[in-house]
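Here are some exercises to work through with the model open beside you. Try each task before you read its solution.

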Amino acid sequence: MRSAVKPYGGFLLGSAIALCIATGMVEQSSLLILSCSALILLAGLPHGAYDWVIMRACYQDGRLAAVILGYLALALSVLGLWWIAPQALLIAFLTYSAFHFGDSDFPNASRLHQVSWGMAIIGLPGLLAAADVEALFSLLTQGSTAPMLIDLLAVLGSLAAVVHVAAAPRRWLSLALLTVYGAVCWASGALLAFACYFALLHSPVHLARWRNTFNQQGSKIILALSFAVIAAIAGAVWISTSGIALTVETVNQATFRYTFIALAALTVPHMVLLSIANARVQ
């Protein structure tokens, strides 16, 4: 039992801390939004920046430059679509993320096990913290979010959780992980629950897996690319808040919005690359 739980120790400990410190906080407080944005950013950038190592390892036949250009073009396309149709892109991004989380967290599991896990991670906040999800989506899209989307996430998330536990080789472990995740959603809010999952489960599991696959650390390029993205986000926040009355709340909300937009733009080509890399290494 201990060996089965060990890979998720960080997530379980972080979730316990989140439950202790956040039950008395307001989910949409500026401090919480800023802290979670920073945690998600600092966790997401290293495992995303490792894409460079994956590309270099998989494409040693002269196609590396074309792959890099395609990666950047896809990221820029996501940014463009976000400005044109943010709500439509949000729905597509959530759908693809559900597939990616399951595929990345449980690469050797059945497709049903993978998809149900990812859909539970995406959907349970809509069931257990609907008001938080609606507020966060509104910040991302700078407009109101259709209640139907939140209701759909709630239904799909609850069904996916049941399916995932039923399909899991270790049902007790899957039930424990989703119960802890759901408890943080309900007691501490959707953003903090997702930050715990993303920073303490998804990102370290992903990075460890690919580092073991290619036996390369890639620390210098990870740092360089991470700093470049952070600088771009800081620039976007500065531009978007120039000319308006600056408050802690406006800066924190802009930081949250551009953090997630940047991660979305990078996550789409990241997920495409990993789908190809998975096929190559299996």
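**Exercise 1. Decide whether His100 is buried or exposed in this predicted model, and find what surrounds it.**

Solution. Start with the place of the residue: His100 belongs to helix α6, residues 86-105. Next, take its relative accessible area, which is 5%. The cut-off for a buried residue is under 20%, so His100 counts as buried. Finally, look for its partners beyond four places in sequence: His100 touches His202, His270, Met271 and Leu274.

**Exercise 2. Describe the make-up of the whole chain: how many helices and strands does it have, and what share of its residues is buried?**

Solution. Count the elements and you get 13 helices and zero strands. Reading along the sequence therefore gives the pattern α-α-α-α-α-α-α-α-α-α-α-α-α. Of the 282 residues, 48% are buried. For the surface, the accessible area of the chain is about 13400 Å², and carbon and sulfur atoms account for 71% of that. Now turn to the contacts between residues at least 6 apart in sequence: 78% of them join residues at least 24 apart.

**Exercise 3. Work out how helices α9 and α10 run relative to each other, and which residues make their contact.**

Solution. Two packed helices are described by the angle between their axes and the distance between the axes. Helix α9 spans residues 147-167 and helix α10 spans residues 171-188. Their axes come within 7 Å and cross at roughly 155 degrees. Angles over 145 degrees count as roughly antiparallel, so this is the description that fits α9 and α10. From α9, the contact is made by Ala161, His164, Val165 and Ala166; from α10, by Arg171, Ser174, Leu175 and Leu178. Sorted by class, these residues are five nonpolar, two polar and one charged.

**Exercise 4. Take a closer look at Leu178: where does it lie, and what is it in contact with?**

Solution. Leu178 sits in helix α10. With a relative accessible area of 6%, Leu178 is buried. Leaving aside neighbours within four places in sequence, its contacts are Trp117, Ala120, Ile121, Leu124, Ala161, His164 and Val165. Among these, Ala161, His164 and Val165 are residues of α9 that you met in the previous exercise. You can also check a distance: Leu178 and Val162 are 16 residues apart along the chain, and their C-alpha atoms are separated by 9.8 Å.

**Exercise 5. Repeat the helix analysis for α10 and α11: at what angle do their axes cross, and which classes of residue form the contact?**

Solution. The axes of α10 and α11 come within 7 Å and cross at roughly 150 degrees. That angle makes the two helices roughly antiparallel. On the α10 side you will find Tyr181, Val184, Cys185 and Ser188, which meet Ala190, Leu192, Ala193, Phe194 and Tyr197 of α11. By class, the contact has eight nonpolar residues, one polar and no charged ones.

**Exercise 6. Stay in helix α11 and find the surroundings of Ala195.**

Solution. Ala195 lies in helix α11, residues 190-214. Its relative accessible area is 0%, so Ala195 is buried. Setting aside neighbours within four places in sequence, Ala195 is in contact with Cys36, Leu39, Ile40 and Leu200. For a distance across the sequence, take Ser37: it is 158 residues from Ala195 in sequence, while the C-alpha atoms of the two are 7.9 Å apart.

**Exercise 7. Classify two of the aromatic pairs, Trp83 with Tyr258 and Phe194 with Tyr197.**

Solution. The structure holds ten aromatic pairs. In the pair of Trp83 and Tyr258, the ring centres are 6.3 Å apart and the planes stand at 50 degrees, so the pair is tilted. This pair links distant parts of the chain, with Trp83 in helix α5 (residues 64-84) and Tyr258 in helix α13 (residues 248-281), 175 residues apart. Tyr258 counts as buried at 13% relative accessibility.

The rings of Phe194 and Tyr197 have centres 6.1 Å apart and planes at 50 degrees, so this pair is tilted. The two residues are three apart in helix α11, and therefore separated by about one helical turn. Phe194 is buried at 17% relative accessibility, and Tyr197 is buried at 0%. Both belong to one aromatic cluster, together with Phe101, Phe106, Trp117, Tyr181, Phe198 and Phe260.

Terms used
Residues numbered from 1 in each chain as written. Predicted model: local features only at pLDDT ≥ 70, side-chain atom pairs only at ≥ 80, totals over all residues. Heavy atoms only, no water. Axes fitted to C-alpha atoms, helices over the stretch in contact; angles between N-to-C directions. Helix = DSSP H or I, 4+ residues; strand = E, 2+ residues; numbered from the N terminus. Parallel < 35°, antiparallel > 145°, perpendicular 65-115°, else oblique. Contact = heavy atoms within 4.5 Å. Nonpolar A, V, L, I, M, F, W, Y, C, P; charged D, E, K, R; others polar. Buried < 20%, exposed > 50% of the residue type's maximum accessible area, 1.4 Å probe, protein only. Areas by Shrake-Rupley, 256 points an atom, 1.4 Å probe, with all protein chains shown as cover. Phe/Tyr/Trp six-rings, centres within 6.5 Å; stacked < 30°, edge-to-face > 60°.
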